[in-house]
Amino acid sequence: MRLKKAKKRADINMDGDNGVELLDVSFHRDKNGNGMQESGGSVSTISYPDEDEEEVVNPAQNCSQGWNWTHVYYLSLLSVVGVTFRAFLGRFFGGDCSHEGDPIDDWLWPLSHKICVTTNGKTEQYGGALFIDLPANVFGSFILGLVTGHSGDWPAMPCFHQDHPVQKQTGLHVGLRTALCGSLTTFSSWNTQMVLMMDGTPNPFLNSQVLAAIVGYMIGMQASVSSFRAGRAVAAWLHVRRNPHLFDNELSKLSIVQRGIHSHVFWITPFITTFCTLSLVGLYMLGDFYWGILWYREMWIGCLVAPFGTILRWRLSTLNFKLAKLPWFPLGTFLANFIGSILSAGISAIDYIEPIDKEWTVSFIEAISLGVAGSLSTVSTLVKEIVEITEKNQTYDKKAFLY
């Protein structure tokens, strides 16, 4: 049995199959600010760092530590889940309203074609400022705030105790933040829709919608930032109940109860992730080849190519905060969004300048836009960096606005 103290946190090494129990371990400070640990009548001194010391952490460290194949595994699988959520949320809140003449005849159509909250800006329906991917961007930003929290010292999964085995699966954490949230949100599709609205060529009914596009940029950014902050607030609320010692500055008393760790915990997470991902791709292929729904062809191809966009963004994140003259600038995220937006805009231009009649070619091009461009660009990471830049600088600082 061993008790290891690490910067206001306590970890336990478990002996046996069901672990061991440590009762009422108390911590308090002496006159010099050092921690005094009392357990079973013995007293030992624990040195705390200066309260004013600031720990320097590379923000890209958690998502770009070389070619860790566990990370690549989770990034690839969770990209499929993120693309799935984005595509179906887009359809549910308004995407199907633009297919009245050519409906996607599946289980979602009877409900989704009557909601029409968002619009793609290409039909007679007003409201293009509420763009198709707005719900996905808001939802993905919330999840990222939930698994990020207010501090890098917090456990990644707020629903579990700090000593739960899931908290040690860093590959899963990287996959949730970079793949799931990054692929669920997209900057490229959002930006492409705003550009098409300002151009007006795709919409002969409403022509150019410059003001609506500007409002769309404002709504998209503010809604995503607010959602990210809401996610962090919910994470704090959950940690107060699951890990209350994170908020006890004096560490007055920490009771560690008996918990069992079972071997299945370490393999069930990758098993469930793999099973769900393969099932999704299989269902999309079934919808294409058996039911003949072309939209599902775009989905299964998009899911297969999505990991390329996600992994490229993950590698580009190593460039964040590396500019000598602009050390605060997240260059990697900026490049990912820039490249993804160019790719998405180019595909849209091809579609309008020279329409393609071949079904497989159209499906493949749309899948590249959905999977590669959509997963390469991200809104959740963008708003996370904007919030962190704002919090690290004075309220009147302009760095976040420039970014």
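So, the largest cavity: its lining is made of Ile 347, Ile 350, Asp 351, Glu 354, Ile 356, Val 362, Ile 365 and Glu 366. Which elements give two or more residues to that lining? Those are α9, residues 331-353, and α10. Keep in mind that we're looking at a predicted model here. By class, the lining of this cavity comes out at 5 nonpolar and 3 charged residues, with no polar ones. The space inside is about 60 Å³. And if you set the bar at 30 Å³ or more, the structure has 1 cavity.

Hang on to Glu 366, which lines the largest cavity, since that residue turns up again in the second largest pocket. There, Glu 366 is among the residues nearest the centre, along with His 99, Lys 122, Trp 295 and Glu 298. The lining of this pocket runs to 37 residues, and the volume is about 1500 Å³. Okay, so which helices are involved? At least two lining residues come from each of α1, α5 (188-199), α8 (294-316), α9 and α10. Which of them gives the most? That's α10, with 6 residues. Sorting the pocket lining by class, you get 14 nonpolar, 13 polar and 10 charged residues.

Let's stay with α10 and look at how it packs. With α8, the axes are 6 Å apart and the packing angle is about 35°. Left-handed or right-handed, the crossing of α8 and α10? Right-handed. The contact between this pair has 15 nonpolar, 6 polar and 5 charged residues.

Now α10 against α1. Here α1 covers residues 69-93 and α10 covers residues 359-376, and their axes come within 11 Å, crossing at roughly 110°. That angle is why we call α1 and α10 roughly perpendicular to each other. On the α1 side you'll find Val 83, Arg 86 and Ala 87, and they meet Leu 370, Gly 374 and Ser 375 of α10. In class terms, the α1 and α10 contact has 3 nonpolar, 2 polar and 1 charged residues.

Last pair, and we leave α10 for this one: α3, residues 134-148, and α4, residues 170-184. Their axes come within 7 Å of each other and cross at roughly 160°. So α3 and α4 are roughly antiparallel to each other. As for handedness, the α3 and α4 crossing is left-handed. Who makes the contact? From α3 we have Ala 136, Phe 139, Gly 140, Ile 143, Leu 144, Val 147 and Thr 148, and from α4 we have Arg 177, Cys 181 and Leu 184. By class that's 7 nonpolar, 2 polar and 1 charged residues.

To pull the α10 thread together before we talk: this helix gives two or more residues to the lining of the largest cavity, gives the most to the lining of the second largest pocket, packs with α8 at about 35°, and crosses α1 at roughly 110°. Okay, that's it from me.

Methods. Residues are numbered from 1 along each chain as its sequence is written. This is a predicted model: local features need pLDDT of at least 70, side-chain atom pairs count only at pLDDT 80 or more; totals for chains, interfaces and linings use all residues. Side-chain values use heavy atoms; hydrogens and water are left out. Axes are lines fitted to C-alpha atoms, for helices over the stretch in contact, and angles run from 0 to 180 degrees between N-to-C directions. Helices (H or I, at least four residues) and strands (E, at least two) are DSSP runs, numbered from the N terminus. Angles under 35 degrees count as roughly parallel, over 145 as roughly antiparallel, 65 to 115 as roughly perpendicular and the rest as oblique. A crossing is left-handed if the near helix is turned anticlockwise from the far one by less than a right angle, and right-handed if clockwise. Contact means heavy atoms within 4.5 Å. Ala, Val, Leu, Ile, Met, Phe, Trp, Tyr, Cys and Pro count as nonpolar, Asp, Glu, Lys and Arg as charged, and the others, Gly among them, as polar. On a 1 Å grid over the protein atoms alone, a cavity is a set of points where a 1.4 Å probe fits but cannot get out, and a pocket is an open set with protein on both sides within 12 Å along at least five of seven lines; lining residues have an atom within 4 Å of a point. Grid points are joined across faces, edges and corners, and a volume is the space filled by probe spheres set on the points.
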